[in-house]
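Student: I'd like to learn how to read a model like this one, feature by feature. Can we go through it together?

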Amino acid sequence: MVKRLLCDRTHISGHGNVWGARGKARIRLNRPELTPPRLAADRPWESATVNWMTLRIEDGLWRLWYEALTRMDDDGSGYLCYAESRDGVNWEKPELGLCEFGGDRRNNIVIDRAMTGGLGIQGHSIFVDPTAPPEARYRIFFIGVTAPRRAPDRIVDVMTYGYSADGVNWHMGAPELPRDFLHHPIVGFGSDTQCVVYWDGDLRRY
């Protein structure tokens, strides 16, 4: 285990200290604790990494959507997966039977390239839209990647969208927008990180 210094006395005392804290603050190094990972990458479709997560707590149930990559995938070519927890520590990955991986549907994948018409998914954001009809209560916005990262001359990134009644069974597009979400994206270029979208009730807009 490696000790790392996060701050030193130059931040809390000495010349130029704007808080005037000289002699009134102490630095104490607490004993580090080794804790298990909150969400372990323990499935074949997670062999490279799990990242870009959206968490919602609904009626005491922790609902987590996260992206997973295998070692064979390019960045932006992974899977959107779903997990649940009652305490935020112990997670269950239900076998949903929605998407195929390695010829088997016993997995917790909710969106893959087959569902998006070939678009990879990256940097998603999921929220509940109070203005939407029941079948589109859950919304997802994500970076849609049209080509693998290893062929950069053929990449097109767009910010696109989908909807769901329950946050598990997803459809691409939106009921009130054109169904061709590739040629009618929300934004005609991709972000470099996770996008965050929500409905602002005061402004009455996304």
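Student: How many helices and how many strands does the secondary structure of the protein come to?

Tutor: Keep in mind that this is a predicted model. Start with the element count: there are zero helices and nine strands. Going along the sequence, that reads β-β-β-β-β-β-β-β-β.

Student: And what share of the residues counts as buried?

Tutor: Burial is judged by relative accessible area, with under 20% as the cut-off. Here 39% of the 206 residues are buried. The accessible surface comes to about 12900 Å², and carbon and sulfur atoms hold 52% of that.

Student: Among contacts between residues at least 6 apart in sequence, what percentage joins residues at least 24 apart?

Tutor: For this protein the figure is 49%.

Student: Let's zoom in on one residue. Where does Asp129 lie, in a strand or in a loop?

Tutor: Place a residue among the elements, then check its cover and its partners. Asp129 sits in the loop that runs between strand 6 (120–128) and strand 7 (138–145). Asp129 counts as buried because its relative accessibility is 1%, and the cut-off for that class is under 20%.

Student: Which residues does Asp129 touch, if I skip those up to four places away in sequence?

Tutor: You'll find Arg137, Arg139, Trp199 and Tyr206. With Tyr206 there is also a polar contact between the side chains, at 2.3 Å.

Student: Tyr206 caught my eye. Which residues lie nearest the centre of the largest pocket?

Tutor: Tyr206 is one of them, together with Phe141, Tyr161, Ile186 and Val197. In total, 14 residues line this pocket. Strand 7 and strand 8 (157–164) are the elements that give two or more residues to the lining, and strand 8 gives the most, with three.

Student: What volume does the largest pocket have, and how does its lining split by class?

Tutor: The volume is about 190 Å³. As for the lining, ten residues are nonpolar, two are polar and two are charged.

Student: Now a lysine. Is Lys93 buried or exposed?

Tutor: Look at the percentage before you judge by residue type. Lys93 has a relative accessible area of 12%, so Lys93 is buried. Its place is the loop between strand 4 (91–92) and strand 5 (109–111).

Student: Which side chains make polar contacts with the side chain of Lys93?

Tutor: There are contacts with Asp42 at 2.7 Å and with Glu46 at 2.9 Å. Beyond its neighbours within four places in sequence, Lys93 is in contact with a longer list of residues, including Leu39, Arg43, Tyr66, Tyr82 and Asn108.

Student: Last topic, backbone angles. What is phi for Trp52?

Tutor: When you scan phi values, note the positive ones and ask whether the residue is a glycine. Trp52 is not a glycine, yet its phi is positive, about 40°. Trp52 lies in strand 1 (residues 49–58). With a relative accessible area of 26%, Trp52 is partly exposed.

Student: And what about phi of Arg204?

Tutor: Arg204 is another non-glycine residue with a positive value, near 60°. Arg204 is found in the segment after strand 9 (170–172). Its relative accessible area is 55%, so Arg204 counts as exposed, the cut-off being over 50%.

Technical notes
Residues numbered from 1 in each chain as written. Predicted model: local features only at pLDDT ≥ 70, side-chain atom pairs only at ≥ 80, totals over all residues. Heavy atoms only, no water. Helix = DSSP H or I, 4+ residues; strand = E, 2+ residues; numbered from the N terminus. Buried < 20%, exposed > 50% of the residue type's maximum accessible area, 1.4 Å probe, protein only. Polar contact = N/O pair within 3.5 Å; in protein donor to acceptor, adjacent residues only side chain to side chain. Contact = heavy atoms within 4.5 Å. 1 Å grid on protein atoms, 1.4 Å probe; cavity = no way out; pocket = protein on both sides within 12 Å on 5 of 7 lines; lining within 4 Å. Points joined across faces, edges and corners; volume = space filled by probe spheres on them. Nonpolar A, V, L, I, M, F, W, Y, C, P; charged D, E, K, R; others polar. Areas by Shrake-Rupley, 256 points an atom, 1.4 Å probe, with all protein chains shown as cover.
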